[in-house]
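Thanks for coming. I have one structure to go through today, and I will take it in a few short parts. Here it is.

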Amino acid sequence: MCARCASRARRHAAAAEPPALPCTRAMRVVSIDPAIRNTGYAVLEGDHRDPQALDYGTLSLPRNLPQSACLLEIHRHVCGLIERWQPDELAIEGIIYVQSHRTAIAMGSARAATVLAAAMHGLPIMEYPPTCVKLATVGRGGALKQQVAFMMRALLHLQETPAPDAADALAIGYAHLAAADPLRAHLFKERKYI
């Protein structure tokens, strides 16, 4: 039972009313596309038939901010999203292959700040490979960022095309909700709880 429904059940119990109905609200997920300077975030609610974007954007941090301060800001921002939206789970993009070890370390650090925030709040964390997310949203694993953004606008009925990092976060959340569709389950064999 979610926190909102548990609160309702306590009120009913105190008033000696019949017990509250079981929680039937849709899943709410915070999804993150981690990066040191431009972390995409999204909050989606629903299921594989009717996903809704509640919030999305990009946490952009200035180049002159030290990496340690960026990690702290990412952690604070993700904690703020979790506290505001009270999600059921967090979905995050998995590590991608990069040419530079410095880039890999920076991306891993941003990812760790996000995972730590979710773990501190007791959220289950699901990791999705980028190709899996693109396959679920666009239909091919090698899709371009512009294609992902266009599909997120169409699939989530957004008023405008989201910025690339926000679109990636929306796509991660969309893939997480779509994973519950038995007809598309084969697309998500590589996802894993971390």
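**Strands, then a helix**

S2 is joined to S3 by a hairpin of five residues. S2 covers residues 38-46, and S3 covers residues 52-60. The two strands run antiparallel, with eight bridges joining them. To place the register, take Leu-44, which stands opposite Ala-53 in S3.

Before going on, a word on confidence. This is a predicted model. The protein chain has an average pLDDT of 87, and 86% of the residues score at least 70. The stretch to treat separately is residues 14-23, where pLDDT stays under 50. For that stretch the model has nine contacts beyond four places in sequence.

Back to the strands. On its other pairing, S2 meets S1, residues 27-33, also through a hairpin, this one of four residues. S1 and S2 pair in the antiparallel sense over seven bridges. Here Arg-28 stands opposite Glu-45 in S2.

How many of the nine residues of S2 are buried? Eight of them are, so S2 is largely enclosed by the rest of the structure.

Now the helix, H4, residues 130-137. Which residues of H4 are buried? They are Pro-130, Cys-132, Val-133, Ala-136 and Thr-137. These residues lie on the same side of H4, because the arc they cover around the axis is only 160°. As background, an α-helix has 3.6 residues a turn, so residues three or four places apart point the same way.

What covers that buried set? The cover includes two strands, S4 (89-93) and S5 (125-128), and two helices, H5 (145-155) and H6 (164-178).

I will finish with one residue of H4, Thr-137. Why does Thr-137 count as buried? Its relative accessibility is 4%, and the cut-off for buried is under 20%, so Thr-137 qualifies. Leaving out residues up to four places away in sequence, Thr-137 touches Met-151, Met-152, Leu-155, Ala-171 and Tyr-174. The side chain of Thr-137 also has a polar contact, reaching the backbone oxygen of Val-133 at 2.9 Å. Val-133 is itself among the buried residues of H4.

After H4 comes Gly-139, with a positive phi near 105°.

To recap: S2 pairs with S1 over seven bridges and is joined to S3 by eight. In H4, the buried residues sit on the same side of the helix, and Thr-137, at 4% relative accessibility, is one of them. That is what I have.

Definitions and conventions:
Residues numbered from 1 in each chain as written. Predicted model: local features only at pLDDT ≥ 70, side-chain atom pairs only at ≥ 80, totals over all residues. Heavy atoms only, no water. pLDDT = per-residue confidence, 0-100. Contact = heavy atoms within 4.5 Å. Buried < 20%, exposed > 50% of the residue type's maximum accessible area, 1.4 Å probe, protein only. Polar contact = N/O pair within 3.5 Å; in protein donor to acceptor, adjacent residues only side chain to side chain. Arc of directions from axis to C-beta. Pairing = 2+ DSSP bridges.
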